[in-house]
Amino acid sequence: MSALVLLAAVTAPAAELDDIRRLADEGQQDAALRRLDERLVRDPSDVPARFLKGSILLQTGKLGEAREAFDEVTRRAPKLPEPYNNLAVIYAAQGDYEKARQSLYTAAQQAPDYAAAQINLGDLYVKLAVDAYRRALELNPADEASRAKLLALDAMFRRQ
């Protein structure tokens with residue numbers, strides 16, 4: 001009997017998170033966030049709940065609040081690569097590419113096999129390259145080498 005009670009205690013929090021995810025997926029982000037806040041009041045150290053809260057906030061465009069949630073996850077679980085990856089997305093959206101790069105490097109250091117960080121790092125470098133080639137063309141419109149590289153990058157992304 002005690003094993004059943006223990007199993008129920010372990011699965012109840014996971015089931016609750018599944019219910020909250022479902023709410024968010026159904027477009028009820030405010031209700032999902034309220035339930036997560038209630039859960040975090042009961043247990044401020046609940047990393048999965050805090051990560052989910054950050055993810056919902058990120059999806060709803062509340063970048064500052066999402067950043068705070070993911071920062072807290074990195075403090076409570078510094079070995080997880082996902083919050084660093086999500087922080088990089090936020091920093092890049094805000095135009096802070098250096099912080100985005102640092103966050104992606106941290107994610108890759110925490111989990112060298114975490115492909116999402118490598119993909120996002122590659123995308124970040126391409127974005128920086130595109131910006132640099134555009135700036136070079138502004139400074140020197142006759143620069144055919146920069147124009148060719150910019151066109152190659154544009155063509156590469158059109159094929160995807």
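Is Ala 24 buried or exposed? At 8% relative accessibility, Ala 24 counts as buried, and the first of these close-ups of a predicted model begins with that residue.

**Figure 1. Ala 24 in helix α1 and its contacts.** Here we look at Ala 24, which belongs to helix α1, residues 2–25. Its relative accessibility of 8% is under the 20% limit, so Ala 24 counts as buried. Once residues up to four places away in sequence are set aside, Ala 24 touches Gln 29, Ala 32 and Ile 56. Leu 52 makes a useful landmark for this view: 28 residues separate Ala 24 and Leu 52 in sequence, and their C-alpha atoms are 9.8 Å apart in space.

**Figure 2. Helix α4 and its buried residues.** Helix α4 covers residues 63–76, 14 residues in total. From first C-alpha to last, α4 reaches 20 Å, close to the 20 Å expected at 1.5 Å a residue. Which residues of α4 are buried? They are Ala 66, Ala 69, Phe 70, Asp 71, Glu 72, Val 73 and Thr 74. If you follow these buried residues to their packing partners, you arrive at α3 (47–59) and α5.

**Figure 3. Asn 86 in helix α5.** This close-up is centred on Asn 86, a residue of helix α5. Asn 86 has a relative accessibility of 14%, which is under 20%, and therefore counts as buried. What is Asn 86 in contact with, leaving aside its neighbours within four places in sequence? The partners are Phe 51, Ser 55, Leu 58 and Phe 70. Phe 70 may look familiar from the previous figure, where it appeared among the buried residues of α4.

**Figure 4. The largest pocket and its lining.** The largest pocket has a volume of about 160 Å³. The elements giving two or more residues to its lining are α5 (82–93), α6 (97–110) and α7 (115–139). Around the pocket you will find Ala 88, Val 89, Ala 92, Tyr 97, Ala 100, Leu 104, Asn 120, Asp 123, Leu 124 and Lys 127. Which element gives the most to this lining? It is α7, with 4 residues. By residue type, the lining divides into 7 nonpolar, 1 polar and 2 charged.

**Figure 5. Helix α7 and its packing.** With 25 residues, α7 reaches 36 Å from its first C-alpha to its last, close to the 36 Å expected at 1.5 Å a residue. Its buried residues are Ala 117, Leu 121, Leu 124, Val 126, Val 130 and Leu 137. These buried residues pack against α5, α6 and α8 (144–159). Leu 124 is worth picking out in this view: it is one of the buried residues of α7 and also one of the residues that line the largest pocket.

**Figure 6. Salt bridges within helices α6 and α7.** How many salt bridges does a search of the whole structure find? The search finds 13, and two of them are described here. In helix α6, Arg 101 and Glu 98 lie 3 residues apart, about one turn of the helix. They form a salt bridge whose closest N and O atoms are 2.4 Å apart. Glu 98 is partly exposed, with a relative accessible area of 38%. In helix α7, Asp 131 and Lys 127 lie 4 residues apart, again about one turn. Their salt bridge has its closest N and O atoms 2.8 Å apart. Both partners count as partly exposed, Asp 131 at 28% relative accessibility and Lys 127 at 35%. Lys 127 is also one of the residues lining the largest pocket.

**Figure 7. Helix α8: a salt bridge and Ala 152.** Glu 144 and Arg 147 form a salt bridge, with their closest N and O atoms 3.5 Å apart. The two residues are 3 residues apart in helix α8, so about one helical turn separates them. Arg 147, at 31% relative accessibility, counts as partly exposed. Elsewhere, salt bridges that share partners join Glu 16, Arg 39, Arg 42 and Asp 46 into one network. Back in helix α8 we find Ala 152, which counts as partly exposed at 47% relative accessibility. For orientation, Ala 152 and Lys 62 are 90 residues apart in sequence, and 34 Å lies between their C-alpha atoms.

Terms used
Residues are numbered from 1 along each chain as its sequence is written. This is a predicted model: local features need pLDDT of at least 70, side-chain atom pairs count only at pLDDT 80 or more; totals for chains, interfaces and linings use all residues. Side-chain values use heavy atoms; hydrogens and water are left out. On a 1 Å grid over the protein atoms alone, a cavity is a set of points where a 1.4 Å probe fits but cannot get out, and a pocket is an open set with protein on both sides within 12 Å along at least five of seven lines; lining residues have an atom within 4 Å of a point. Grid points are joined across faces, edges and corners, and a volume is the space filled by probe spheres set on the points. Ala, Val, Leu, Ile, Met, Phe, Trp, Tyr, Cys and Pro count as nonpolar, Asp, Glu, Lys and Arg as charged, and the others, Gly among them, as polar. The expected span of a helix is 1.5 Å times one less than its number of residues. Buried means under 20% relative accessible area, exposed over 50%, partly exposed in between (1.4 Å probe, protein chains only). Contact means heavy atoms within 4.5 Å. A salt bridge is a side-chain nitrogen of Lys or Arg within 4 Å of a carboxyl oxygen of Asp or Glu.
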